[in-house]
Amino acid sequence: MTGIADGRVVIVTGAGRGLGRAHALAYAAEGAKVVVNDLGVGLDGTPGSDSPDGPAGQVVDEIRAAGGEAVAHGGDIATSAGAASLVAAALETYGRLDTLVNNAGFLRDRMLVNLDEDDWDAVLRVHLKGHFLPLRHAAAHWRAETKAGRTPRARIVNTSSGAGLLGSVGQGNYSAAKAGIVGLTLVAAAELARYGVQVNAIAPAARTRMTERAFAGTMAAPDAGFDAMAPENVSPLVVWLGSAGSAGVTGRVFEAEGGRITVMEGWRPGPTADKGARWTPAEAGETAWKLLAEAEVPGVVYGAG
């Protein structure tokens, strides 16, 4: 297999199903050697009841059957030991690491008044900590490579969500984690550039276990024609971002859905007023109302994606 990822070694977390599986298969189809990580848990993070090979092993089998190269990793990437072993799996199996795609996650949706501490902690752990730890261990490797005179053309692709960009009712924990991933992406892009590492994020909308139940009508596959919600539609952008062809692109967030790609522009200054001195509360309120009248109306509230 040859393509834009030819010869690159790519890690994809949460790659046993849905978007992660689609990304892993797409990278392999473009010539990459893939480390397929998946813990095999249920939709809410509880232990699954999959076959003995697990979802990661099944994706590896698919890649190999198509003539590609892949290895499975079943460790918990939200632990330092699991994240370290993930990076080690790439280095020990293929001798290098070029791209990290952080994708693993699950949902425990509740309205805020019903959201307990365990569900908050569990979702932030898998999404936010599960991004940070693999990123940290991969970055440490690439920093060592740079110090040894071998500056890489490394790439990290993080997975945020419309819920993280605009909020989503009933998903306070998920939205907070996905917003945190955007912040982490921006900091990592700035800090790791000196080591030849580019860091970007996607906010995908696709049919996965996390969306097909909550948004069954929107996510249903059509009887004919283009399947806009197929997870495979998101993967081409992820593969490009993880390739050498994306040179110079870093610190960006892209929304990807169906055949549409959007560069998200994020927070930027809107209407402003400067008194040049301290406001009174009444003055501050009156000024805020005037500024809000000039400001754009916030976007729609998203669901999980």
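So, M264: set aside its neighbours within four places in sequence, and the residues M264 is in contact with are L165, V253, F254 and E255. Keep in mind as I go that this is a predicted model. M264 sits in strand 8, which covers residues 260-264. Is M264 buried, or partly exposed? With a relative accessibility of 26%, M264 counts as partly exposed, because buried would need a value under 20%. One more thing about M264: its C-alpha is 9.0 Å from that of A203, and those two are 61 residues apart in sequence.

Okay, let me step back to the whole chain. We've got 305 residues, and 47% of them count as buried. There are 10 helices and eight strands. The protein exposes about 14,700 Å², and 55% of that comes from carbon and sulfur atoms. And if you take contacts between residues at least 6 apart in sequence, 71% of them join residues at least 24 apart.

Let's start near the beginning, with strands 1 and 2. Strand 1 is 9-12 and strand 2 is 33-37. The two run parallel, joined by four bridges. If you want to find one of those on screen, look for V10, whose bridge partner in strand 2 is V34. Strand 2 is mostly covered, with four of its five residues buried.

Helix 1, residues 18-29, is where you'll find L25. L25 is partly exposed, because its relative accessible area is 24%, and the buried label stops at values under 20%. Leaving out neighbours within four places in sequence, L25 is in contact with V59, E62 and I63. You can also relate L25 to V36: they're 11 residues apart along the sequence, with 9.6 Å between their C-alpha atoms.

Next up, helix 3, residues 80-94. How does its length compare with what 1.5 Å a residue would give? Its 15 residues should span 21 Å, and the end C-alpha atoms are indeed 21 Å apart, so the two agree. The buried residues in helix 3 are G82, A83, L86, V87, A89, A90 and Y94. What do those residues pack against? The partners are strand 1, strand 2, strand 3 (69-73) and helix 4. Here's a bit of background: an α-helix has 3.6 residues a turn, so residues three or four places apart point the same way. Right after helix 3 comes G95, with a positive phi near 80°.

That brings us to helix 4, residues 117-147. It has 31 residues and runs 42 Å from first C-alpha to last, close to the 45 Å you'd expect at 1.5 Å a residue. Helix 4 also bends, by about 35°, at R125. At the N-terminal end, the cap is D116, which places a side-chain oxygen 3.2 Å from the backbone nitrogen of D118. Past the other end, helix 4 is followed by G149, and its phi is positive too, near 85°.

Now zoom in on H131, which is in helix 4. H131 is buried, because its relative accessible area is 1%, and anything under 20% counts as buried. Which residues is H131 in contact with, leaving aside neighbours within four places in sequence? Those are N102, N103, V126, N158, T159, I181 and L184. With N102 there's a specific link: the H131 side chain reaches the backbone oxygen of N102 at 3.3 Å. And A78, 53 residues away along the chain, has its C-alpha 7.7 Å from that of H131.

Two of those contacts, N158 and T159, take us to strand 5, residues 154-159. Why say that strand 5 is largely enclosed by the rest of the structure? Because six of its six residues are buried. In a regular strand, side chains alternate between the two faces of the sheet. Here both faces are covered: A154, I156 and N158 are buried on one side, and R155, V157 and T159 are buried on the other. Strand 5 runs parallel to strand 4, residues 99-101, and three bridges join them. One to look for is L100, which has I156 as its bridge partner in strand 5.

So if you open the model later, try H131 as a starting point: from helix 4, its contacts lead you to N102 as well as to N158 and T159. That's what I've got.

Methods
Residues are numbered from 1 along each chain as its sequence is written. This is a predicted model: local features need pLDDT of at least 70, side-chain atom pairs count only at pLDDT 80 or more; totals for chains, interfaces and linings use all residues. Side-chain values use heavy atoms; hydrogens and water are left out. Buried means under 20% relative accessible area, exposed over 50%, partly exposed in between (1.4 Å probe, protein chains only). Contact means heavy atoms within 4.5 Å. Accessible areas come from the Shrake-Rupley method with a 1.4 Å probe; for residues, only the protein chains shown count as cover. The expected span of a helix is 1.5 Å times one less than its number of residues. The bend at a residue is the angle between axes fitted to the seven residues ending there and the seven starting there. A polar contact is a pair of N or O atoms within 3.5 Å; within protein, one must be able to donate a hydrogen and the other to accept it, and residues adjacent in sequence count only if both atoms are side-chain atoms. Two strands pair if DSSP finds at least two bridges between them.
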